[in-house]
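Subject: Handing over a structure

Hello,

I am passing a structure on to you with this email, and below it I have written down what was found in it. Please keep it open while you read, so that you can look up each residue as it is mentioned.

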Amino acid sequence: MLHFFRVSFFRYSALSSVFLLVFFFSCQSEESTKHAQYVAEGYTLFQTHCANCHQRDGKGLSNLYPAIAPEYLKDKAKVICWIKNGVNQSVTVNGKTFNRPMPANPALKELEIAEIMTYMYTTWGNDSKIITTETVQKALEQCVSN
């Protein structure tokens, strides 16, 4: 009898969990679903292209590579340019100066940069808005002209 109860309870729990997940995602707006997709894709892209230096938690690597600092996230266009074209200037984060260049990511597409940016700004920039491909495209046009 106890075995039957455990199996029945497990089935009930699993079914109710699936129902709750379906209910939760079906009740989300199209915008919040898109935001969740951008954050998920951005997380994966960040792990592939950025975490080696900035680390998974964005805290950087000791005295070698800086943390993802909110003060540098204020200028989205600059961050977009840095992601695509790299950085060859020193930056000071949390009182430490970092001189290592940040490599360019010329193969990243505008959508991929938008997803990385959405992930970064949601995680470290206290901004839960989607960074659009139009925003990325406009910023990249300005990078080229500067």
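A good place to begin is His 35, which, leaving aside residues up to four places away in sequence, touches Thr 118, Thr 122, Ser 128, Lys 129 and Ile 130. Please bear in mind that this is a predicted model, and that every value I quote was computed from it. His 35 has its place in helix α2, and its side chain is joined to the side chain of Thr 122 by a polar contact of 3.1 Å. Is His 35 buried or exposed? The relative accessibility of His 35 is 15%, and because buried means under 20%, His 35 counts as buried.

Stepping back to the whole protein chain, you will find 7 helices and 2 strands, and if you read along the sequence they follow the pattern α-α-α-α-α-β-β-α-α. The chain has 146 residues, of which 33% count as buried, and its accessible surface comes to about 9900 Å², with 58% of that surface belonging to carbon and sulfur atoms. When you consider the contacts with a separation of 6 or more, 59% of them are accounted for by residues 24 or more positions apart.

Helix α5 deserves a careful look, and a useful question to ask is which residues in it are buried. They are Val 79, Ile 80, Cys 81, Trp 82, Ile 83 and Lys 84. Ala 77 lies in α5 as well, but Ala 77 is partly exposed, with a relative accessible area of 34%. Although Ala 77 and Thr 135 are 58 residues apart in sequence, their C-alpha atoms are 8.0 Å apart in space. After α5 comes Gly 86, whose phi is positive, near 80 degrees.

Two other residues have a positive phi although neither is a glycine, and you can find both of them in the loop between α3 and α4. One is Gln 55, in that loop, with a phi of about 70 degrees; the other is Ser 62, also in the loop between α3 and α4, with a phi of about 45 degrees. How exposed is Gln 55? Gln 55 is partly exposed, at a relative accessible area of 25%, whereas Ser 62 has a relative accessible area of 55% and is exposed, because the cut-off for exposed is over 50%.

Finally, please look at the largest pocket, which has a volume of about 500 Å³. Its lining is made up of 27 residues, and those that lie nearest its centre are His 54, Pro 66, Ile 68, Trp 82 and Met 102. Which elements give two or more residues to this lining? They are α2 (30-49), α3 (51-54), α4 (70-73), α5 (76-85) and β1 (91-93). Sorted by kind, the residues of the lining divide into 21 nonpolar, 5 polar and 1 charged. Trp 82 therefore appears twice in this account, being one of the buried residues of α5 and one of the residues nearest the centre of the largest pocket, where buried means under 20% relative accessible area.

With best wishes

Notes. Residues are numbered from 1 along each chain as its sequence is written. Side-chain values use heavy atoms; hydrogens and water are left out. On a 1 Å grid over the protein atoms alone, a cavity is a set of points where a 1.4 Å probe fits but cannot get out, and a pocket is an open set with protein on both sides within 12 Å along at least five of seven lines; lining residues have an atom within 4 Å of a point. Grid points are joined across faces, edges and corners, and a volume is the space filled by probe spheres set on the points. Helices (H or I, at least four residues) and strands (E, at least two) are DSSP runs, numbered from the N terminus. Ala, Val, Leu, Ile, Met, Phe, Trp, Tyr, Cys and Pro count as nonpolar, Asp, Glu, Lys and Arg as charged, and the others, Gly among them, as polar. Buried means under 20% relative accessible area, exposed over 50%, partly exposed in between (1.4 Å probe, protein chains only). Contact means heavy atoms within 4.5 Å. Accessible areas come from the Shrake-Rupley method with a 1.4 Å probe; for residues, only the protein chains shown count as cover. A polar contact is a pair of N or O atoms within 3.5 Å; within protein, one must be able to donate a hydrogen and the other to accept it, and residues adjacent in sequence count only if both atoms are side-chain atoms.
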